[in-house]
Amino acid sequence: MISYVAPGETRSVVLPYSEVCMYLRVAGRRMRYEIQAPDGRSPAVQLLDDDGRPFSFPITLGEAGFHRDDHGRIYTET
């Protein structure tokens, strides 16, 4: 199932076994996240710890398992 998300939304996702997620030791783990889209920059995923604080640095959409459709909307498969 495809789940669309918009910048500013906070949800949870099971993180993929990407290089960055493995380095951060969060691959395969369910974590909360926020899609960030600063003006003039590419969107990024800010992972959040259990208290809602930022976990490490923002990572790219692809490293967090997100994609863009033909209309530029951000989605992940759940």
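Is E9 buried, partly exposed or exposed? E9 is partly exposed, with a relative accessible area of 26%. That value comes from a predicted model. The report below follows the charged and aromatic side chains through this model.

**Salt bridges**

The structure holds four salt bridges. E9 takes part in one of them, with R11 as its partner. Their closest N and O atoms are 2.7 Å apart. R11 is partly exposed too, because its relative accessible area of 28% falls between the 20% and 50% cut-offs.

A second bridge joins D69 and R73, at 2.7 Å from N to O. Here the partners differ in exposure. D69 is buried, with a relative accessible area of 16%. R73 counts as partly exposed, at 44%.

A third joins R53 to D49, with 3.2 Å between the closest N and O atoms. Three of these bridges are listed here.

| Salt bridge | Closest N to O distance |
|---|---|
| R11 and E9 | 2.7 Å |
| R53 and D49 | 3.2 Å |
| D69 and R73 | 2.7 Å |

**The network around D49**

Which residues are linked with D49 in a network of salt bridges? They are D51 and R53. D49 is found in the loop between β4, residues 44-48, and β5. At 18% relative accessibility, D49 counts as buried, because the cut-off for buried is under 20%. D49 also meets D51 in another way. A polar atom of the D49 side chain lies 2.9 Å from the backbone nitrogen of D51.

**Aromatic pairs**

A search of the whole structure finds two aromatic pairs. Each such pair is described by the distance of the ring centres and the angle of the planes.

Take Y4 and Y75 to begin with. Their ring centres are 5.9 Å apart and their planes stand at 55 degrees, so the pair is tilted. This pair links distant parts of the chain. Y4 is in strand β1, residues 2-5, and Y75 is in strand β7, residues 74-77. The two tyrosines are 71 residues apart. Their exposure differs as well: Y4 is partly exposed, at 36% relative accessible area, whereas Y75 is buried, at 15%.

Now the other pair, Y33 and F66. Why is this pair edge-to-face? Its planes are at 65 degrees, and an angle over 60 degrees counts as edge-to-face. The ring centres are 5.0 Å apart. Again, distant parts of the chain are linked. Y33 is in strand β3, residues 30-36. F66 is in the loop between β5 (59-60) and β6 (67-68). The two residues are 33 apart along the chain. Y33 counts as buried, at 2% relative accessibility. F66 is buried as well, with a relative accessible area of 2%.

**Charges over rings**

Where does the charged end of R73 sit? The charged end of R73 sits over the ring of Y4, 4.3 Å from the ring centre. R73 thus has two contacts described here: the salt bridge with D69 and the place over Y4. Y4, in turn, has R73 over its ring and pairs with Y75.

R29 offers another case. Its charged end sits over the ring of F55, 6.0 Å from the centre of that ring.

Methods: Residues are numbered from 1 along each chain as its sequence is written. This is a predicted model: local features need pLDDT of at least 70, side-chain atom pairs count only at pLDDT 80 or more; totals for chains, interfaces and linings use all residues. Side-chain values use heavy atoms; hydrogens and water are left out. Rings of Phe, Tyr and Trp (its six-membered ring) pair if their centres lie within 6.5 Å; planes under 30 degrees apart count as stacked, over 60 as edge-to-face and the rest as tilted. Helices (H or I, at least four residues) and strands (E, at least two) are DSSP runs, numbered from the N terminus. Buried means under 20% relative accessible area, exposed over 50%, partly exposed in between (1.4 Å probe, protein chains only). A charge sits over a ring if NZ of Lys or CZ of Arg is within 6 Å of the ring centre and within 35 degrees of the ring normal. A salt bridge is a side-chain nitrogen of Lys or Arg within 4 Å of a carboxyl oxygen of Asp or Glu. A polar contact is a pair of N or O atoms within 3.5 Å; within protein, one must be able to donate a hydrogen and the other to accept it, and residues adjacent in sequence count only if both atoms are side-chain atoms.
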